[in-house]
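Got your viewer open? Here's a short tour, one selection at a time.

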Amino acid sequence: MTAIKHALQRDIFTPNDERLLSIVNVCKAGKKKRNCFLCATVTTERPVQVNVVKVKKSDKGDFYKRQTAWALRDLAVVDAKDAVKESPEFDLHFDKVYKWVASSTVEKNTFISCIWKLNQRYFRKKIDFINVSSQLLEESVPSGENQSVAGGDEEAVDEYQELNAREEQDIEIMMEGCEYAIANAEAFAEKLSRELQVLDGANIQSIMASEKQVNILMKLLDEALKEVDQIELKLSSYEEMLQSVKEQMDQISESNHLIHLSNTNNVKLLSEIEFLVNHMDLAKGHIKALQEGDLTSSRGIEACTNAADALLQCMNVALRPGHDMLHAVKQQQQRFSDLREQFARRLASHLNSVFVQQGHDQSSTLAQHSAELTLPNHHPFHRDLLRYAKLMEWLKNTDYGKYEGLTKNYMDYLSRLYEREIKDFFEVAKIKMTGTTREGKKFATLPRKESAVKQETESLHGSSGKLTGSTSSLNKLSVQSSGNRRSQSSSLLDMGNMSASDLDVADRTKFDKIFEQVLSELEPLCLAEQDFISKFFKLQQHQSTSGTTNEVEEVDGAPLSRSYTSGVPQTVSSEKDMIRQMMTKIFRCIEPELNNLIALGDKIDSFNSLYMLVKMSHHVWTAQNVDPASFLSTTLGNVLVTVKRNFDKCISNQMKQMDEVKISKKSKVGILPFVAEFEEFAALAESIFKNAERRGDLDKAYIKLIRAVFDSVEKVANESQKTPRDVVMMENFHHIFATLSRLKISCLEAEKKEAKQKYTDHLQSYVIYSLGQPLEKLNHFFEGVEARVAQGIREEEVSYQLAFNKQELRKVIKEYPGKEVKKGLDNLYKKVDKHLCEEENLLQVVWHSMQDEFIRQYKHFEGLIARCYPGSGITMEFTIQDILDYCSSIAQSH
């Protein structure tokens, strides 16, 4: 290794003015072992540059070449892998991590130790050494080869100092005086020694010659000390003389301090007295207003308000420490408390009287509104009471007990007053509703024979009730019916027309207007009262509360939590909740009255639930946009639940009626009543729910109803004995498809397509079934022909079969002359006309489909004749044009 080191120093580093300090033989970890050397070098020129150089043997010879060099300052981490176990692996972190495997652990440790010393010498611990044994990281350099290189050489470089120009000049002059200095160094050294001794003697003589001047200097110092002593004696005498003056000045200063302290105390005392007088003195006018002020006039209320505010300011003044111990302050505070208590008691008594008087005055005006669907206006009462709003705020801040008592009294008086007004208002609404109903549904009270009623309820295909809103009237009629039946169903059809007549529409429109007027009257009443409560009782602001002692009270069953801080109660729940609680007690009768009105409307006509759902939803939506947590929003929301429940009940009843429907065995079915009634329901619902907020509820009801209609139609069709199943399905699903196409209900698009598909399928099925085989023998003949062809006989050879020769074909064809065909078609038309109903008017559609089917069979027969009997000249005794003429003449004749 030493020979390699000298070779590398000579061939690579000396030409670059570098000295090699340490070397290690390495190869890259995990790769094919191609050895190289890592060298730690320093430059010989200053500033010193320290590098780690990678040296590799050339592939073309035995010489070495410099491959890569890294500056030591760029080295971040030296990782020896394991500080305990000996391992030849180590990593150097430059711009990236270089992993190396040394040829021996000793070389690795020597190299790492050299790197550490260079770092300590030139960079002061900027490099992190991890997993390195502490024995390697020491200042002392072990004896050996590296010491001489890394330590001794560097120190020798630092100890050597070059001569400057002056030193060099002096040495040259000295050596010129002794020309033999270079030839005889000993003689030159003796001469220098002699000259040095001469200089030492001269120095001693110079020192001894200066003793006289030293003695003179000492004498001068002694004289100066004497002068200093004399000055100190004079200063001591001056200090004794000034001592008496100092005592006199101290006495004067103390006297001035006492005078200044007395003046300061007087100023502070005056300030305290002025503070108490200015802040705790209530004007006589204010005292008189509090004791005797008129609480009925606007001027008197204003004076009392100003006096109450002044009293509150005096009571709430922030006293300074010690003021509360003064007797005069205690007396004034007691006087203020008495005035506050007296005025609060007088104000509470007056406001209670106003509440009572308002109840009597308002009751006297109820008679004016007894016949009108309007609620009395409380604006004048609110306007008069709002004059006391500031006094109520004062009472709330000063005497919460009386404030709370007034709140309870107001709720008691006003709840009774509003209860009378609202009950009378709802009675008027009920009278108008029932009166209109009694006028509009006169057909329900007409004298009818029980047998006729029962016939009407059963002859229309066994319908147990109608899907219209007049189900209650029909149910009554059904209950009363017993006995004989009428022979015709036209009377019930007439009654069905009356249920969907202009009278019903007028009744429902009238109910809708009455219900809307009720809600329109209640909303401003509640909003005005809520606005008044928030302004009069000062509850519009939200205050954060804190307290240590909680108490719970109940106002009409609603708990009110309070906490006390310094004796002043504050509401723990938000004041918004307090407003809602007051409104709940004052208007506690609104919700039950609305529910009773809704029950009455539903009893009059179950379809009224549609109107109520739309109107109530709109008003709830409006109230929630204003305040989702308000009394009005909550109450209308609760009532909306009832309305929605009635709506669901209406839909359920209609579905139940469909499920219980029965058909007549003696007459054809036609359009089922619940199908027509669904059309009426959908048309009415679309007009009511146009742009409504609760459209989703109607869509859900549509889905339920249409599925029930589909199921009931199939059920009736399966049970029908008089009318073919396909006719029942075809006519009713055609009617449903027409209804859905006309109304364009988006949520029923799938059902509309399904209805069209069912109509088309059953039309085709009925046509095929009814038409059957109009040329029966001819049809049997050709079925045999097709069977022979299916067995493998060629079509042109069928005529050679004995049973299917040309003669047999001519016999069969002769049995169906045009006259017989027309007669058969005429009988078929009569049969179809007997099956189909007039309301849906599908006769021509069915007849045209049968005509097309008959022509299709005719063309099929002609095709078989042409293929199986070619050149025979055999044709049918009637043509397609004859069939068209027959069908047209039959349709026109009927």
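How many of the eleven residues of E1 are buried? Select strand E1, residues 18-28: nine of the eleven are buried, so E1 is largely enclosed by the rest of the structure. Here buried means under 20% relative accessible area, exposed means over 50%, and partly exposed is in between, with a 1.4 Å probe and protein chains only. Strands (E, at least two residues) and helices (H or I, at least four) are DSSP runs, numbered from the N terminus.

Before going on, some housekeeping. This is a predicted model, where local features need pLDDT of at least 70 and side-chain atom pairs count only at pLDDT 80 or more, while totals for chains, interfaces and linings use all residues. Residues are numbered from 1 along each chain as its sequence is written, and side-chain values use heavy atoms, with hydrogens and water left out.

**Stop 1: the partners of E1.** Add strand E2, residues 36-43, to your selection: E2 runs antiparallel to E1, with eight bridges joining them. Strands count as paired if DSSP finds at least two bridges between them. Pick Glu18 and look across to Thr43, its bridge partner in E2.

Now bring in E7, residues 97-102, which also pairs with E1 in the antiparallel sense, over three bridges. Two positions to label here are Val26, opposite Ala102 in E7, and Lys28, opposite Trp100 in E7. While you're looking at strands: in a regular strand the side chains alternate between the two faces of the sheet.

**Stop 2: the hairpin.** Keep E7 and add E6, residues 89-93; five bridges join the two antiparallel strands. E6 and E7 form a hairpin with three residues between them. Label Asp91 and you'll find Lys99 of E7 opposite.

**Stop 3: a greasy spot.** Select Ile171, Met174, Met175 and Leu192, which make a nonpolar surface patch of about 280 Å². Patch residues have over 30% relative accessible area and no salt bridge (a side-chain nitrogen of Lys or Arg within 4 Å of a carboxyl oxygen of Asp or Glu); nonpolar side chains (Val, Leu, Ile, Met, Phe, Trp, Tyr) are joined within 5 Å, like charges within 9 Å. Helix H4, residues 165-177, gives the most to the patch, with three residues. Met175 is found in H4 and is partly exposed, at 33% relative accessible area.

**Stop 4: zoom out.** Show the whole chain: 29 helices and eleven strands. Of its 894 residues, 42% count as buried.

Conventions
Accessible areas come from the Shrake-Rupley method with a 1.4 Å probe; for residues, only the protein chains shown count as cover.
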